[in-house]
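This report is written for a reader who is meeting this structure for the first time. Please look over the sequence and the 3D view before reading on.

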Amino acid sequence: MKSTVALVGRPNVGKSTLFNRIVGGRRAIVHDKPGVTRDRHFAKAEWAGRHFWLVDTGGWVAESKDPLARSIREQVISAVEAADVVVFLVDTKEGVHPADTEVAELLRAIRDRVILAANKADDLPNEVSHHAFHELGIGTPWPVSAATGKGSGDLLDQIVAILPQEAEVEDAGVVQVAVVGRPNSGKSSLMNRLLGAERTIVDAKAGTTRDAVDSPLRYHGRVLNFIDTAGLRKRPKVKDDVEFYSTLRTARAMERADVCILVIDAGIGVQAQDLRIAEQIWDCGAGLVVAVNKWDLVEHKDTATSERGRAKVVHRAPFLGHAPFVYLSALTGFRARKVLDLTLEVAERRQRRIPTAEVNKVLEALTRRTQPPQKVGREVKLYYASQGGTEPPTFNVVSNRPDAVATAYKRYLLNGFYEAWDFLGVPIRLRLRQKR
Ligand code: GDP
Ligand code: GDP
C-alpha cells in the first residue's frame, strides 16, 4: 500500500505551490466543504519509482493573537496521526517565525519521520538562508524553491528515503474488499455483522501503524480481506478533520481493493455524494456491489419498490446499471450474507478472460448492427479486438483511425460487451488502438 506524505506549515509558506510542483499534472482530490474556508486536497505522486499520496493540509487561518492559530495546530496533529512522513515547510524569506517553533515542538516526538523544507530559497545553489532553521532542532533544513523547482529533486530524495517499505504484493487468491460510503450509512455495522462483532473491537495500538488492521474472513473456501477503511475504529482526535482523512483513507482503500461494497442509507435515499463515491470506485477499476442498507426502515417495500429505486439511480448514473444491488439490514442481519456472495461473484468476474475468437464474434455482430459513424476523410474501420488484461478486464479494439471513433459509439460497444458477457459489478475498459 502507498504511504502518505503530509505538508504542514504556516499559511503562505508555499505548501500548495510545492504540492502542485510535486504532483504535476495529476488530478487532485479536493475536499471542498461548503462553508469551510480551508480547502484541502490530496493526490497521487511519484518519485524515483516510489508512489505515495501527497496531502496538502491547507493553510487558511483566521486572524488571531495566538502565534500558532488553533487551526494550524489541529492540522499538524491530524497530519501526524494520518501520515507516514510529515514535510514541515518554513519560509526562508521570513526567517524563523514563533509559529514555526511551536510546530517544531508538536513534531519533536516524531522527528525521525519529519523532513524540514526551507522554501523560497530562490537563489540556489547560492542560498544560505535555510541554515537559520537549524535552531528549530528538528533536523537538517533542506533548501527548496517551490516556485522554480530548484532543490525539489533533493528534497524528494530525502522524502522517499524515509518512506516505509511498501507492503509486499497482496496474497494471490485473497479477495481484497473495501466497505465504503458516506458517514452513518452503516459501514461499521455491516462490517461487524459480516465479521462477527468480537473481531472488530480490536483497536490498533496508538502509534504502531497509521492505518489500522485489516480483517480477513473465510467464506466458501475463499479469503475475503476487509481493508480497514473509513477509520472505522479509530476516530481522529480533531473533529473537523474526520471527513478529510476518511476521504483520504477511502481513496487508499479503493486502490487496493478488488471489490468495493458501497453502503447506501435507504432511510435517507441516494445522495449526490453516494454517486460520486460510486464513480470513484468505477474509475479506479475495482468491482462494485451496491448495498442498500437500513432496508428495515423502509415501509411497504416489495420487489417493485427496490426496482423503481434502482431504475431512478441508474437514470442518474448509467454505469450503475452494470452493478448488482442488494437490499439489506446490517441491524437485523437480513440479506447480510448475500453481500458476501455478490462480492465473491464480482471478484471472479473481474478476473474473467474472454477468448479472442469470442471477442471478435461479438465485435463483428455489433459493427454489423451499427456501423461506426463516419468522419470526413478516410473511412473509419474497426478491424479486430482482443482482451488485453484482467482486473479490470480491458478490451483492445484495433482501428485505422482510433481517434475518429466517437465517444457515443465506444459506449455502444461497451454496452454490447456487457450484454454479451456477464460482467455484472465489473468496470470493463475499452481501448482503441492504431492499426500498424
Ligand atoms: P500556502 O498557504 O502554504 O499553501 O502557500 P502558497 O503555496 O499559497 O504560497 C504563498 C505565496 O508564496 C504565493 O504567493 C506563492 O507564489 C509564494 N511562493 C511559493 N513558493 C515560493 C518560492 O519558492 N519562492 C517564492 N519567491 N515565492 C513562493
Ligand atoms: P458508519 O458511519 O457508516 O460506520 O455507520 P454506523 O455503522 O456507525 O451506523 C450509523 C447508524 O446507523 C448507527 O446508529 C447504526 O445503529 C445505524 N444502522 C446501521 N445499520 C442499520 C440498519 O440496517 N438499520 C437501521 N435501522 N439502522 C442501522
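What follows describes the surroundings of a ligand, then a helix, and then several strands.

The structure is a predicted model, and the distances and areas below are computed from it.

**Around ligand 2**

Ligand 2 is surrounded by 15 residues, and the closest of them are N184, K187, S188, S189 and D296. By kind, the residues of this shell divide into four that are nonpolar, seven that are polar and four that are charged. Helix α5, which covers residues 187-195, gives the most to the shell, contributing three residues. The polar contacts of ligand 2 include those in the table.

| Residue | Protein atom | Ligand 2 atom | Distance |
|---|---|---|---|
| G186 | backbone N or O | oxygen | 3.0 Å |
| N293 | polar side-chain atom | nitrogen | 3.1 Å |
| K294 | side-chain N or O | oxygen | 3.0 Å |

Taken alone, ligand 2 exposes 570 Å², and the protein buries 75% of that area.

**Helix α10**

Helix α10 runs over residues 336-350 and has 15 residues; from its first C-alpha to its last it reaches 22 Å, which is close to the 21 Å expected at 1.5 Å a residue. Its buried residues are A336, V339, L340, L342, T343, L344, V346, A347, R349 and R350.

**Strand β1 and its partners**

Strand β1 spans residues 3-8, and because six of its six residues are buried, the strand is largely enclosed by the rest of the structure. Its two faces are both covered, with S3, V5 and L7 buried on one side and T4, A6 and V8 buried on the other. β1 pairs in the parallel sense with strand β4, residues 50-56, over five bridges, and in that pairing the bridge partner of S3 is F52. A parallel pairing also joins β1 to strand β5, residues 85-91, through four bridges, where A6 has V86 as its bridge partner.

**Strands β9 and β10**

In a regular strand the side chains alternate between the two faces of the sheet. Which residues of strand β9 point to a buried face, and which do not? Along β9, residues 215-219, the side chains of S215, L217 and Y219 point to one face and are buried, whereas P216 and R218 point to the other and are not buried. β9 runs antiparallel to strand β10, residues 222-227, and five bridges join the two strands; among the facing residues, S215 stands opposite F226 in β10. The two strands form a hairpin with two residues between them, and H220 in the turn has a positive phi of about 50 degrees.

How values were computed. Residues numbered from 1 in each chain as written. Chains lettered and ligands numbered in written order. Predicted model: local features only at pLDDT ≥ 70, side-chain atom pairs only at ≥ 80, totals over all residues. Heavy atoms only, no water. Near = heavy atom within 4 Å. Polar contact = N/O pair within 3.5 Å; in protein donor to acceptor, adjacent residues only side chain to side chain. Areas by Shrake-Rupley, 256 points an atom, 1.4 Å probe, with all protein chains shown as cover. Nonpolar A, V, L, I, M, F, W, Y, C, P; charged D, E, K, R; others polar. Expected span 1.5 Å × (residues − 1). Buried < 20%, exposed > 50% of the residue type's maximum accessible area, 1.4 Å probe, protein only. Pairing = 2+ DSSP bridges.
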